[in-house]
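Thank you all for coming. Today I would like to walk you slowly through one structure, and I will put it on the screen before I say anything about it.

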Amino acid sequence: MYYIPESPPSRVAPDGSEDSRRTTNHFWPLATAAGLVCSALVAGLLWFVTVPYYAMWPGPIVEVVDYVEVENGPTVHPLNGDLYLLTVSLQEVNAFALVEGWLDPVVDVVPRDLIRPEGVTPQEHRERNLRMMDESMDSAILAALDYLGVPVTRGENGVLVVSVLEDGPAAGILQPGDLVVAVERAPVDNLEEATDAIGSRKIGDMVVLSILREDERYEVEVTLAEHMEVPGRPMVGVSLGAYTPPAELPFEIDIDRATSGGGPSAGMMYALGLIDLLTEEDLVRGNIIAGTGTISSDGHVGPVGGIRQKVVAARNAGARYILVPEQNYPDAVSAGTEGVEIMSVSSIEEAVEAVRGIPV
């Protein structure tokens with residue numbers, strides 16, 4: 001509540017009219033002050049109001065080989081140069097940060113649902129990212145050893161059930177943590193094979209899924225429903241994630257799981273760093289190289305998010321060469337290429353050849 005004193009009695013001008021000058025002189029300063037106070041209150045309230053958006057900006061960089069350890073194996077050759085993995089910083093924003101992000105050419109503002117789907121809590125989102133990071137690091141090790149021709153005994157392939165849609169066709173049938181190893185008794189080795197096998201059926205069809213649950217094998221039947229977001233497309237009603245089967249390594253390899261903060265985008269660079277450490281050839285040869293990309297256990301490099309911010313982070317760190325997934329190349333180039341060369345790769349073999357071809 002604001003107290004405004006009463007106006008003094010009006011004066012009578014010589015012509016008999018009222019003189020309102022004193023009233024006017026008091027009104028405007030008071031109105032201006034009240035307006036400023038109201039504006040400050042509104043601004044204060046907006047500061048504490050979050051909006052359904054995330055802001056992404058360049059994150060810290062990490063020297064890959066500093067976090068890779070090899071024990072009881074072949075000779076490790078120190079890295080000559082720098083191999084950086086790239087990250088983005090990500091945070092939900094309030095109204096002020098939303099506007100600031102829109103105005104900053106380095107920051108991308110994206111709808112919250114694209115980062116954390118509706119119904120997924122921040123804790124669940126973080127746990128999922130950490131699982132994806134673990135899978136990515138395991139895949140990086142297998143991809144590197146496969147490139148080097150080191151024999152590894154692997155378990156059964158499949159795709160991981162990450163979450164089950166409440167009231168969806170698989171509710172009460174599948175559980176998070178189940179491993180789908182076959183669709184209609186045909187083995188599925190990766191996400192693409194699983195989604196293609198399910199997508200080739202019709203809405204209302206019953207499909208038989210072979211799953212592993214706590215090392216026990218089961219066959220379950222699920223009636224396909226119409227996809228909630230893609231009309232005419234069938235769905236099981238689960239979120240699937242990549243899975244790296246357990247493997248018996250011929251020697252010990254450990255990657256510090258705290259380096260990339262979560263998510264799978266560091267996989268390619270860890271594989272590349274491990275290859276350089278375990279070969280006599282000096283791949284990096286004193287260069288400063290940065291990169292990003294997911295990787296599968298068979299060496300396929302996949303796309304990542306926040307590519308523009310990662311390119312900016314690499315430039316700021318002094319990298320002259322940046323490796324990016326083929327699918328991300330157009331967006332990476334749009335971030336600016338002055339002083340750097342951006343190289344598109346789709347496999348660990350291409351990544352090694354790209355590094356090998358960099359001049360000293």
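Before we look at any helix, we need one definition, because a residue is called buried here when its relative accessible area is under 20%. Please also keep in mind that what you see is a predicted model.

Let me begin with the chain as a whole, which has nine helices and 24 strands. Of its 360 residues, 39% are buried. If we take the contacts between residues at least 6 apart in sequence, then 70% of them join residues at least 24 apart.

Now, with that definition in hand, let us turn to helix α6, which covers residues 267–277. How many of the residues of α6 are buried? Eleven of the eleven are, so α6 is largely enclosed by the rest of the structure. If you would like to follow along on the screen, the buried residues of α6 are G267, M268, M269, Y270, A271, L272, G273, L274, I275, D276 and L277.

What, then, does α6 pack against? In general, two packed helices are described by the angle between their axes and the distance between the axes, and I will use that description for two partners.

One partner is helix α4, residues 122–148, whose axis comes within 8 Å of the axis of α6 and crosses it at roughly 40°. The two helices are therefore oblique to each other, and their crossing is right-handed. On the α4 side the residues that take part are S136, M137, A140, I141, A144, Y147 and L148, and they meet G267, Y270, A271, L274 and I275 of α6. Sorted by class, this contact holds ten nonpolar residues, two polar ones and no charged ones.

Another partner is helix α9, residues 348–356, which packs with α6 at an angle of about 60°, the axes being 10 Å apart. Here too the angle makes the pair oblique, so α6 and α9 are described in that way, and α6 passes α9 in a right-handed crossing. The residues M268, A271, L272 and I275 of α6 meet I348, A351, V352 and V355 of α9. This contact divides into eight nonpolar residues, with no polar and no charged ones.

Let us move on to the loop between α6 and β20, where T279 is placed. Is T279 buried or exposed? Its relative accessible area is 18%, and because the limit for buried is under 20%, T279 counts as buried. A polar atom of the T279 side chain lies 3.5 Å from the backbone oxygen of D276, a residue that we have already met among the buried ones of α6. Leaving aside the neighbours within four places in sequence, T279 is in contact with H77 and L148, and L148 is one of the α4 residues that meet α6.

Finally, I would like to show you a residue in another loop, namely D178, which is found between β10 and β11. D178 is buried, with a relative accessible area of 1%. What does the side chain of D178 reach at 2.7 Å? It is the backbone nitrogen of Q175, and there is also a polar contact of 2.8 Å between the side chains of D178 and R213. Beyond the neighbours within four places in sequence, D178 is in contact with V159, L160, V161, I173, I211, L212 and R213.

Notes. Residues numbered from 1 in each chain as written. Predicted model: local features only at pLDDT ≥ 70, side-chain atom pairs only at ≥ 80, totals over all residues. Heavy atoms only, no water. Axes fitted to C-alpha atoms, helices over the stretch in contact; angles between N-to-C directions. Helix = DSSP H or I, 4+ residues; strand = E, 2+ residues; numbered from the N terminus. Parallel < 35°, antiparallel > 145°, perpendicular 65-115°, else oblique. Left-handed = near helix turned anticlockwise from the far one by under 90°. Contact = heavy atoms within 4.5 Å. Nonpolar A, V, L, I, M, F, W, Y, C, P; charged D, E, K, R; others polar. Buried < 20%, exposed > 50% of the residue type's maximum accessible area, 1.4 Å probe, protein only. Polar contact = N/O pair within 3.5 Å; in protein donor to acceptor, adjacent residues only side chain to side chain.
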